[in-house]
Amino acid sequence: MDRARFGGAGLLVASLILAVTGCGGGQQPAATKARPATTVTATVTATPEPGPTVTETVTAKPKPRPTVTVTRTVTAKAAGTYSGSGGSSSGSRGSTGTCSIVSNAGNCYSAGQFCRNSDHGAVTTTAGGAAIKCVYRSNAWRWTYA
């Protein structure tokens, strides 16, 4: 039994020698070409999370507006001071002094005349004492009998 072991060990040693020395029928070992190594590149871009949005609400205080005061001075004319040509009165001048709103020229208004912007909705009297009101009719502001 020792021979069998010795013989088997010898056979193993002999096969190793043949493998190392290359006695495999006179063949040259094949030259291996170096293959390029595979390169793996991983790029990670970090995107920061959006931060909290801060909104500040500012309440604006209203600015004081200028105060407009309109003062009208009406000068009443005496009944006999009108000196017009002809003997008839056209009703455009105040001969009785009863009109409370007058035109820029100082005349009393009569029905049918245009109103100023400041007179919209106002009520006054004609030179003859009839009440008239500034109303919007026929696409215009006019004095009409109240």
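A disulfide here is a pair of cysteine sulfur atoms within 2.5 Å. The model is a predicted one, and two such links turn up in the structure. Counting the bonded cysteines along the chain, the pairing runs 1-2, 3-4.

Take the link between Cys 99 and Cys 108 to begin with. The sulfur atoms of Cys 99 and Cys 108 sit 1.7 Å apart, and the link is left-handed, with -50° about the S-S bond. Both ends are tucked away: Cys 99 counts as buried because its relative accessibility is 7%, and Cys 108 is buried too, with a relative accessible area of 4%.

The other link joins Cys 115 and Cys 134, with 2.3 Å between the sulfur atoms. Here the torsion about the S-S bond is about 135°, so this disulfide is right-handed. Cys 115 lies in the loop between helix H1 (2-21) and strand E1, while Cys 134 belongs to strand E2, so the pair ties together parts that are 19 residues apart in sequence. Cys 134 comes out as buried at 1% relative accessibility, and Cys 115 is buried as well, its relative accessible area being 13%.

As for the overall layout, the secondary structure amounts to one helix and three strands, arranged along the sequence as α-β-β-β. The protein has 146 residues, of which 14% count as buried. The exposed surface comes to about 12,700 Å², with carbon and sulfur atoms supplying 57% of it. If one takes the contacts between residues at least 6 apart in sequence, 33% of them join residues at least 24 apart.

Nonpolar side chains tend to be buried together in soluble globular proteins. In this model, the largest nonpolar core has seven residues: Ile 101, Tyr 109, Cys 115, Ala 122, Ile 132, Cys 134 and Trp 143. Both cysteines of the right-handed disulfide are thus found in that core. Another core member, Ile 132, has a long list of contacts once its neighbours within four places in sequence are set aside. That list takes in Tyr 109, Ser 110 and Ala 111, a run from Ala 122 through Val 123, Thr 124 and Thr 125 to Thr 126, and then Trp 143, Thr 144, Tyr 145 and Ala 146.

Thr 126, one of those partners of Ile 132, is placed in the loop between strand E1 (123-125) and strand E2 (131-137). Despite being in a loop, Thr 126 counts as buried, because its relative accessibility is 8%. With neighbours within four places in sequence left out, Thr 126 touches both Cys 99 and Cys 108, the two ends of the left-handed link. Its other contacts on that basis are Thr 98, Tyr 109, Ser 110, Ala 111 and Ile 132.

Finally, the charged groups. Side chains of opposite charge can pair when their charged atoms come close. A search of the whole structure gives one salt bridge, formed by Asp 119 and Arg 116, whose closest N and O atoms are 2.9 Å apart. How buried or exposed are the two partners, Asp 119 and Arg 116? Asp 119 counts as buried, because its relative accessibility is 0%. Arg 116, by contrast, has a relative accessibility of 21% and so counts as partly exposed, the cut-off for buried being under 20%.

How values were computed: Residues numbered from 1 in each chain as written. Predicted model: local features only at pLDDT ≥ 70, side-chain atom pairs only at ≥ 80, totals over all residues. Heavy atoms only, no water. Helix = DSSP H or I, 4+ residues; strand = E, 2+ residues; numbered from the N terminus. Buried < 20%, exposed > 50% of the residue type's maximum accessible area, 1.4 Å probe, protein only. Contact = heavy atoms within 4.5 Å. Salt bridge = Lys/Arg side-chain N within 4 Å of Asp/Glu carboxyl O. Areas by Shrake-Rupley, 256 points an atom, 1.4 Å probe, with all protein chains shown as cover. Core = buried A, V, L, I, M, F, W, Y, C linked by side-chain atoms within 4.5 Å.
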